[in-house]
Amino acid sequence: MITPDLVVLDADLGSSPADVIRTLSGKVAALGRAEEEGLFASALAREEKTPTGIPGGIAIPHAKTDAVTEPALAMARLSNPVPFGAKDGPADLIFLIAAPAGADQEHLKLLSKLARSLIKKDFTAALRAAASPEEIVALVDGALSDAPKAAPAAAAAAQSAAAPSQAPAAEGPRRIVAVTACPTGIAHTYMSADALAAAGKEMGVDVQVETQGSAGATPLPAEVIANAEAVIFAVDVDVRDRDRFAGLPVIQSPVKRGIDEPKEMIEEALAAAKDPNARRVKATGSSSSSDSDTAGESVGAKLKRALLTGVSYMIPFVAGGGLLIALGFLLGGFDITKFADTIVVKNNLFSLPTEFGDHALGPLGAYLGAVLFKIGALSMSFLVPALAGYIAYALADRPGIAPGFVVGAVAGFMGAGFLGGIVGGLLAGYTASWLGQRPAPRWLRGLMPVVIIPLIASIVASGLMFVVLGGPIAWLTTALNNWLSGMSGAAAIVLGIILGLMMCFDLGGPVNKVAYSFAAAGLSAGTADNHGPYLIMAAVMGAGMVPPLGMALATVLRPKLFTAAEHENGKAAWLLGASFISEGAIPFAAADPLRVIPASMLGGAVTGALSMAFAAGSRAPHGGVFVFFAFDNFILWLLSIAVGAVITGFTVVGLKGAAARKAEARQAQEAVTV
């Protein structure tokens, strides 16, 4: 997997991780093992998600992508170390791991073995002392074949001098188990495992680690878990089969902390084992809250997490269902709503309908349109139950799902809609959570999560929705819809401005999701005589497309104001923006929020206002320009987006340019002063 052509020694490859990754990606591509842009983009995206620098001046950028056709390792020893996010400073030894998306287990095991070798100080010392690319290849081949070559004398001496003194054995519990896992599952998963095991050995603690990575996972034996006194979860993803560790004191952190601070994590686990009040792993289904919640989570934070969980699980029902409805309109005409039920029941592909709307694409179009419309409408009918069900799930885990879905269905039946789903989901979740915290006799505990809690929580939440809350919330929902549907002229433009500001305020965050959910939930109320919901949906979608498009435009207008990584993000932002994925602007906002967010909000507000003024309407809740067939006044809607994106692009360029000029003036003044 590594050849001398893939090794760069003692070179200056730039000042940023993107520069180094770009060079190494080019090396891999030059040998025909990958498509350069795809590998570079995937590795850089992984780097931006979690920096790959580890203690000891090492970094392991990596990617598992379709852009790689043959597994490869590219290595650079830098004359000018580059910061890759490690706490102890920049890295001079860089390994780029390039794995195909369908890499077989043997290749993945070899790649993970290399990552584990980089934890060993004698191996890294040998890499630093190697005199040629051929010697680097020999060292790596040795590590991968379980027969490491002898380190050069200089490296051995350096390692001997750097060898740490044996730490005194820690007091207290001596048996700990751990699970490590990262999204890619190639490098950090295994390096964290080895770092924890090595630190445990130094401390006199038996640390048994289960790696849940791409190379497969071998579960820890049940007796090992039973004998452990605490568990460490060094993970960036969910732990598989978490119930095995139920009852153990738990320390949970991102996987990289297992590499950076293994001793600290072990010490925390030892302390938790002695603490009767320490946070413990709770069995799935019997918990009133998720184990991944942070200790001491505030009521506001818990509420925010629950609402975002509900919305995130609801959106696939809305997006998929809405697009199916839009396709139904395309094939069957906008009056397919009048014929769909009759057609899908009485007709089939061998008995096409004879009665359908004037705008259908013939009998076949009418039948297929009716089928697609009905599937979409049924999918959309899950909107409120899914919202309520997963809000309750976020608060009470699995015992909250059934009462949440039930109260969501009741809210829909009562006409309480989106607001009813939120209120009902909170009721069901908090009720199930409270019940899950009640002590129960041993003989009843098994029935609590599957029978008792769902039954009582359903009665309480749905009963309150029927008897007390449903009517008032339904009245409020109807009044709100009537008010919005009746908006015209200046009032509609003001609403467009408000929705545009909300969509661009946090780029996929809570405020953005509230605006989007409000628009998507109202689509079902749209009719031939009531276009208000369609206008709102178009304004929301258009405004949400502005930030990524505006940032992409800005990188073209003034390239020097942006980093190499931002230029790459800008290229992707064109497509993300056109597809209505506001998150495409997040890399820019994260790097410079005080300029990017206001510029995005300004452009989004203008787009929302223009979309409303042009009476642009969308019958699809997602898809951007690719659902053009579901729009009224599509060209004018595109114009509103173009105007907003131009405003955002020029505004962010102006703000960044002013900041750059101010910094240059300050530096000049300081130089004169000196």
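The expected span of a helix is 1.5 Å times one less than its number of residues. The exercises below use this rule and others on a predicted model.

**Exercise 1. The length of a helix**

Work out what span helix α19 (residues 490-505) should have, and compare it with the distance between its end C-alpha atoms.

Solution. Begin with the number of residues in helix α19, which is 16, and apply 1.5 Å a residue, so that the expected span comes to 22 Å. Then take the end C-alpha atoms of α19, which are 23 Å apart, a value that agrees with the expectation.

**Exercise 2. The sides of the same helix**

Find which residues of α19 are buried, and decide how they are placed around the axis.

Solution. The buried residues of α19 are Ala492, Leu495, Gly496, Leu499, Gly500, Met503 and Cys504. They cover an arc of only 155° around the axis, and therefore they sit on the same side of α19. As a general point, an α-helix has 3.6 residues a turn, so residues three or four places apart point the same way. To finish, look just past the end of α19, where Leu507 takes a positive phi of about 50°.

**Exercise 3. The chain as a whole**

State how many helices and strands the protein chain has, and what share of its residues is buried.

Solution. The secondary structure of the protein chain comes to 25 helices and 12 strands. Of the 674 residues in the chain, 50% are buried. For contacts with a separation of 6 or more, 74% are between residues 24 or more positions apart. The accessible surface comes to about 29000 Å², and 63% of that surface belongs to carbon and sulfur atoms.

**Exercise 4. The surroundings of Ser253**

Determine whether Ser253 is buried or exposed, and list what it touches.

Solution. First place the residue: Ser253 lies in strand β10 (residues 250-253). Next consider its relative accessibility of 12%; buried means under 20%, and so Ser253 counts as buried. Leaving aside residues up to four places away in sequence, Ser253 touches Phe233, Ala234, Val235 and Met265. Finally, a polar contact of 3.2 Å joins the side chains of Ser253 and Arg257.

**Exercise 5. Salt bridges between helices**

Describe which parts of the chain are tied together by the salt bridge of Lys263 and Glu202, and then treat the pairs Glu268 with Arg257 and Lys374 with Asp341 in turn.

Solution. Side chains of opposite charge can pair when their charged atoms come close. The structure holds 15 salt bridges. In one of them, Lys263 pairs with Glu202, and the closest N and O atoms are 3.0 Å apart. Because Lys263 lies in helix α10 (residues 262-274) and Glu202 in helix α7 (residues 188-203), this pair ties together parts that are 61 residues apart in sequence. Lys263 is partly exposed at a relative accessible area of 32%, and Glu202 is partly exposed at 22%.

The second pair is Glu268 and Arg257, whose side chains meet in a salt bridge of 2.6 Å, N to O. Here Glu268 belongs to helix α10 and Arg257 to helix α9 (residues 255-260), 11 residues apart. Glu268 counts as partly exposed, with 31% relative accessibility.

The third pair is Lys374 and Asp341, with a salt bridge of 2.8 Å, N to O. Lys374 lies in helix α13 (residues 362-380) and Asp341 in helix α12 (residues 340-346), so the pair ties together parts that are 33 residues apart in sequence. Lys374 is partly exposed at 26%, as is Asp341 at 45%. Salt bridges that share partners also join Arg22, Glu36, Glu37, Glu568 and Lys571 into one network.

**Exercise 6. Arg280 and its backbone partner**

Identify which backbone oxygen the side chain of Arg280 reaches.

Solution. Arg280 lies in the loop between α10 and α11 (299-332), and it is partly exposed with a relative accessible area of 31%. Its C-alpha atom is separated by 7.3 Å from that of Ala246, which is 34 residues apart from it along the chain. The side chain of Arg280 reaches the backbone oxygen of Gly247 at 2.9 Å.

**Exercise 7. Positive phi outside glycine**

Locate Asp10 and Asn633, and give the phi value of Asp10 and of Asn633.

Solution. Asp10 lies in strand β1 (residues 7-11) and has a positive phi of about 55° although it is not a glycine. Asn633 is in the loop between β12 (631-632) and α25 (634-673), and its phi, near 55°, is also positive in a residue other than glycine. Asp10 counts as partly exposed at 47% relative accessibility, and Asn633 counts as partly exposed at 37%.

How values were computed. Residues numbered from 1 in each chain as written. Predicted model: local features only at pLDDT ≥ 70, side-chain atom pairs only at ≥ 80, totals over all residues. Heavy atoms only, no water. Helix = DSSP H or I, 4+ residues; strand = E, 2+ residues; numbered from the N terminus. Buried < 20%, exposed > 50% of the residue type's maximum accessible area, 1.4 Å probe, protein only. Arc of directions from axis to C-beta. Contact = heavy atoms within 4.5 Å. Areas by Shrake-Rupley, 256 points an atom, 1.4 Å probe, with all protein chains shown as cover. Polar contact = N/O pair within 3.5 Å; in protein donor to acceptor, adjacent residues only side chain to side chain. Salt bridge = Lys/Arg side-chain N within 4 Å of Asp/Glu carboxyl O.
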